[in-house]
Amino acid sequence: MKKAAVIVNAGKDHAINLTLDLIKWALLHNLEIMLEPYVADLLNRSEIAADEAALQTSDFAIVLGGDGTLLRASRIFAPHDIPILAIRFGRFGFLTDIEPADTIKAIEDYTAGNFHIHERMMTRNTVTRGNEVIAAADALNDAVIGKGPLSRMLKLSIFISDKYVATYDADGLIIATPNGSTAYSLSAGGPLVAPDLQVLIITPICPHSLTMRPLIISSQQIVNVKIEGGSVDDIMLTIDGQIGVPLQNDDIVTIEKSSFVTKLISVNRITFYDKLQTRLKWSDRFDTCMDTK
């Protein structure tokens, strides 16, 4: 019997309803379902509740939510080489391929061996204060060094593989994976990058210089960012928009390629370029949006 860990965005009623349907279907098709405890309690199915360690014994994971739910799931399952079948419930859903109505067929295709695995690079992000590592986490999309609510410019010195590159006077800095090139980095003016490439994207946020442009480097290089200036309460490292680490002057944030990858199960022919067209409206012409009357 195969085991599937189901990660659900409990704030989406349609995702909860599909989870109930999935549990009923699994009972009839020799599939063991495990739920996070709070979701199991919500559905009155405490007998299939599983803590994180138990979820990490699954054969594959099913994610019912948006991109944020998938980003959280990637940190749970990537270290254990568990592939993820992502069902699209988000408003945007650039990372999730499968529509809710196609969930059962997608599971059947996967269990029958009709699938492909797409590996997505992750980064390891570490904060060093003095000689002590005070925080570390992996990211599928990005690590963002940003300021607080007050309009104070940050001073961030960048070193690539121990070579000093530049000091950014800016509102912040984004170091993204190719997977994250369609997220915050894109909004800040960064490039679109095919997700199968092995690179890091360094994108400044509102730099106080016309010469400070986004930079793409090899994933074999290590990025160190030294916090040179800013109020102690104003600087934060954010991992995938979900994990926050307050930073201080002289802290070093190190971003490098993680030893883990996120494995995404694909059972259809939707490509990165299809998503650019359908979800980013990449090829739309301006005149198609104009009133022609």
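Helices α1 and α5 are oblique to each other. Their axes come within 11 Å and cross at roughly 45 degrees, an angle that counts as oblique because it is neither under 35 degrees nor in the range of 65 to 115 degrees. The crossing of α1 and α5 is right-handed. On the side of α1, the contact is made by Leu18, Leu22 and Trp25, and on the side of α5 by Thr103, Ile104, Ile107 and Glu108. The model described in this report is predicted.

Helix α1, which spans residues 13-28, also holds aspartate 21. This residue is partly exposed, with a relative accessible area of 45%. Aspartate 21 and isoleucine 104 are 83 residues apart in sequence, while their C-alpha atoms are 9.6 Å apart in space. Isoleucine 104 is one of the residues through which α5 makes its contact with α1.

**Aromatic pairs**

The structure holds 3 aromatic pairs. One of them joins phenylalanine 60 and tyrosine 110, whose ring centres are 4.6 Å apart and whose planes stand at 50 degrees, so the pair is tilted. Phenylalanine 60 belongs to strand β3 (residues 60-65) and tyrosine 110 to helix α5 (residues 103-111), so this pair ties together parts that are 50 residues apart in sequence. Phe60 and Tyr110 form one aromatic cluster together with Phe115.

Another pair consists of phenylalanine 159 and tyrosine 164. Their ring centres are 5.5 Å apart and their planes stand at 65 degrees, so the pair is edge-to-face. The relative accessible area of each residue in these two pairs is listed below.

| Residue | Relative accessible area | Class |
|---|---|---|
| Phenylalanine 60 | 0% | buried |
| Tyrosine 110 | 9% | buried |
| Phenylalanine 159 | 27% | partly exposed |
| Tyrosine 164 | 41% | partly exposed |

The classes follow from the cut-offs: a residue counts as buried because its relative accessible area is under 20%, and as exposed if that value is over 50%. Phenylalanine 60, at 0%, is therefore buried, whereas tyrosine 164, at 41%, counts as partly exposed.

**Nonpolar cores**

In soluble globular proteins, nonpolar side chains tend to be buried together. The largest nonpolar core of this model has 30 residues, of which Ile145, Val225, Leu237 and Leu247 touch the most other members. Strand β8, which covers residues 154-160, gives the most to this core, with 4 residues. A second, separate core has 28 residues, including Leu31, Ile33, Leu43 and Tyr110. Tyr110 thus appears in the second core and also in the aromatic cluster with Phe60 and Phe115.

**Helix α4**

Helix α4 (residues 67-77) is mostly covered, as 8 of its 11 residues are buried. These buried residues are Asp67, Thr69, Leu70, Leu71, Ala73, Ser74, Ile76 and Phe77. They pack against two groups of elements: the helix α3 (52-55), and the strands β1 (2-8), β3, β4 (84-88), β5 (116-129) and β16 (252-266).

Threonine 69 illustrates this packing within helix α4. At 8% relative accessibility, threonine 69 counts as buried, because the limit for that class is under 20%. When residues up to four places away in sequence are not counted, threonine 69 touches Ile7, Val8, Asn9, Val63 and Leu64.

Key
Residues numbered from 1 in each chain as written. Predicted model: local features only at pLDDT ≥ 70, side-chain atom pairs only at ≥ 80, totals over all residues. Heavy atoms only, no water. Core = buried A, V, L, I, M, F, W, Y, C linked by side-chain atoms within 4.5 Å. Buried < 20%, exposed > 50% of the residue type's maximum accessible area, 1.4 Å probe, protein only. Phe/Tyr/Trp six-rings, centres within 6.5 Å; stacked < 30°, edge-to-face > 60°. Axes fitted to C-alpha atoms, helices over the stretch in contact; angles between N-to-C directions. Parallel < 35°, antiparallel > 145°, perpendicular 65-115°, else oblique. Left-handed = near helix turned anticlockwise from the far one by under 90°. Contact = heavy atoms within 4.5 Å.
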